[in-house]
Amino acid sequence: MRSAAVSALRSDLHAAGFTVDGLSALWGESASAALFRGRRVPAERALAAAEAGARGTLASLFVLGRPVPLADAAAALPTLGLAGAVELGLVIEGPTGGETIAPAVDLRPYAFVDAVGPAEWWIVSDLGELALGGALPEDHVLGVGGASLTLSGLMLQRPVRSALDLGTGCGIQALHAARHAERVVATDISERALRLAALNAELNDVEGIEFRLGSLFEPVAGETFDHIVSNPPFVITPRVEGVPAYEYRDGGMVGDALVAAFVSGCGEHLTPGGVAQLLGNWEYHGTGDALDRVRGWVDDSAQPLDAWVIERDTEDAAQYAETWIRDGGTRPGTPEFDRLEGAWLDDFEARDVREVGFGYVLLRRADGLRADGLPTLRRFERRHGSLGANEAGLGVHLGDCLAAHDAQAALDDDALAGLRLTVAPDVTEERHLWPGADAPTAILLRQGGGFGRVVSADTGLAALVGACDGELPVGAIIAALAQLLEVEEPALRADLLPAVRALLTDGLLTLP
C-alpha cells in the first residue's frame, strides 16, 4: 500500500511540474532569494498574481508551509488523493476544519549536477521555522541546508562497492552516495529521520540503501566500507538543563568530542584505501591551535590514516553561540535568547574556549606508509573566505588531487624529473612590476577552479610552469633553466622539484 501511495505521489509531482525550474518560473529569482533568507511574502505575492494551478498549490502547501483550500489540494494530488497524502504523513486538517488542508512536512524539489550528470529529486523533511512560526522541536529532521550542499559537493564520486552515511537525517547524502556506490548503509539516532530518509529514497526511485538505527558506529560494528560520509551532529552545545538538544545537530557529547570520536574511530570501519569525509567543528582552547588538536585525533586512530583537513572559517565564542541559537528559531532580543546565550558563554568560559573552527575533514585508511612509518598524506591547512561557485564541484577536484598526490608520492626525484607535465587549463600567471622596472616584484600563479589557490613563484618556478606543455620532461626544463639563469643545475633541481610536487597535488600541474 505504501509503495502504491509513493508511486502516486511521484506521478502527481511530475504532472504538476513541481521542479526547481518550475518553482523559479512561478515566483522568479528575487522571490527565490527571499525564501532562502527566510522571507516568503514575495513568493506569496507572485503566486497570488498568477494562474499557478496544481504547481502553485503544491508550492504554497509544501514550500511556503501555508494551508490551502481542500478542493485545491485534491486537484493538485489527483492520483494520490487526500487520503493517500494523510497516509504518507504529508498533510493534516487545516486550521479552518474541513475547509483547508495544512502541511505536515516540507516537500520540495532539489536539483544538482555531479560526475554522473544532472539529476533532480524531491526531498521530504520536517517543517522549518518559517512554517512553524517559532522554535524548532528537538526531534526536528532537517532538509537540504547549506551544510548538506557543502558535503554533497565535496563528496568523492569514484565508483565503490560500499558506502556508509553516518547520521543520514533526511537521507540526502545517502542518496548522493547511491550514485557511485553499489550498496549504501544509512544510520541515524532518530527513528523519524530514518522513516523520512526511506520515504525520500522510495520517492526518488533510489535503491540499494539500508537504514539502521543507532549512534555513531554502533549500527555497523565489525563492518568496513569503501566510502564513509557524514554531516554529523557536530554543533557544540552546553550540556545543561534548559538548553535544547536538537537531534539533527547535537551529538550529546561535551564540546567537539563527537567529531574527535568520529575521526579516531572511523579507521576501523574503512577498507584499506577507503575514504571518510565529514564536516566538523573544533575548539580553540586558550592560546592553542585547534588544528593541532585535530591532528591529535588522527594520531589516536587505531588504524593509520592519511588526513587532509581544511579549516574554512572560525567564529568567536559569542558569534558561535548566536549562530546556533538563531538556528533553533529563538530570536535575538528576547529573554529566551539572552538566557541561552548566557548558558553558551558560561560553557565556553568554563572550558577556556575562545573560538570555534569549521571545516572539511578527509581521512583515508593508509594503504602504505613512508620510511618514517607515517602515512604519506598529512595536510592541515586553512582556506578561509568564499570559494564562490567552485565549492559545488570540489568533490571531483579533491579526487583528482588525491590521485595526483598518490602518483607523485610513489616517484623518486629522478622519476619525477622524467615526467612530461602540463599546466592545468584554469591556471593563469600574474606579474606585478614597479613602473619602469624590468623585473617583476611578484609573480603569482592563480588557480581558477578548485580551492582557488594563489602560489607565489620566483623566476625559476614561473619559467618551469610556463614551459610545462607536455613536450619536455621536467628534468630537461630544469637543465635549460639552469643554463639560462646561470645557476648550478643540482641546486635548482633541489629547489624546484618539491614545488612541482606541491603544484601537482594542488592541481596546478597535471600528469600525462
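This is a short tour of some salt bridges in a predicted model, one selection at a time.

Before zooming in, know how many there are to find: a search of the whole structure turns up 25 salt bridges. We'll stop at a few of them.

**Stop one: Arg10 and Asp205.** Select Arg10 and show its side chain, then add Asp205. The two form a salt bridge, with their closest N and O atoms 3.4 Å apart. Now color by secondary structure and trace the chain between them: Arg10 sits in helix 1 (residues 2–16), while Asp205 lies in the loop between helix 10 (191–203) and strand 8 (209–213). That puts the partners 195 residues apart, so this pair links distant parts of the chain. Switch on a surface and which partner is buried, which exposed? Arg10 counts as buried because its relative accessibility is 17%, under the 20% cut-off. Asp205, at 58%, counts as exposed.

**Stop two: Arg212 and Glu210.** Next, select Arg212 together with Glu210. Their side chains meet in a salt bridge, 2.9 Å from N to O. Keep the surface on for this one: Arg212 is buried at 17% relative accessibility, whereas Glu210 is partly exposed, with a relative accessible area of 37%.

**Stop three: Glu381 and Arg379.** Move on to Glu381 and pick Arg379 as well. Here the closest N and O atoms of the salt bridge are 3.4 Å apart. Hide the surface for a clear view, as both Glu381 and Arg379 are buried. Then extend the selection to Arg453 and Asp506: salt bridges with shared partners join these two residues, Arg379 and Glu381 into one network. Leave all four side chains displayed to look over that network.

Terms used: Residues are numbered from 1 along each chain as its sequence is written. This is a predicted model: local features need pLDDT of at least 70, side-chain atom pairs count only at pLDDT 80 or more; totals for chains, interfaces and linings use all residues. Side-chain values use heavy atoms; hydrogens and water are left out. Helices (H or I, at least four residues) and strands (E, at least two) are DSSP runs, numbered from the N terminus. Buried means under 20% relative accessible area, exposed over 50%, partly exposed in between (1.4 Å probe, protein chains only).
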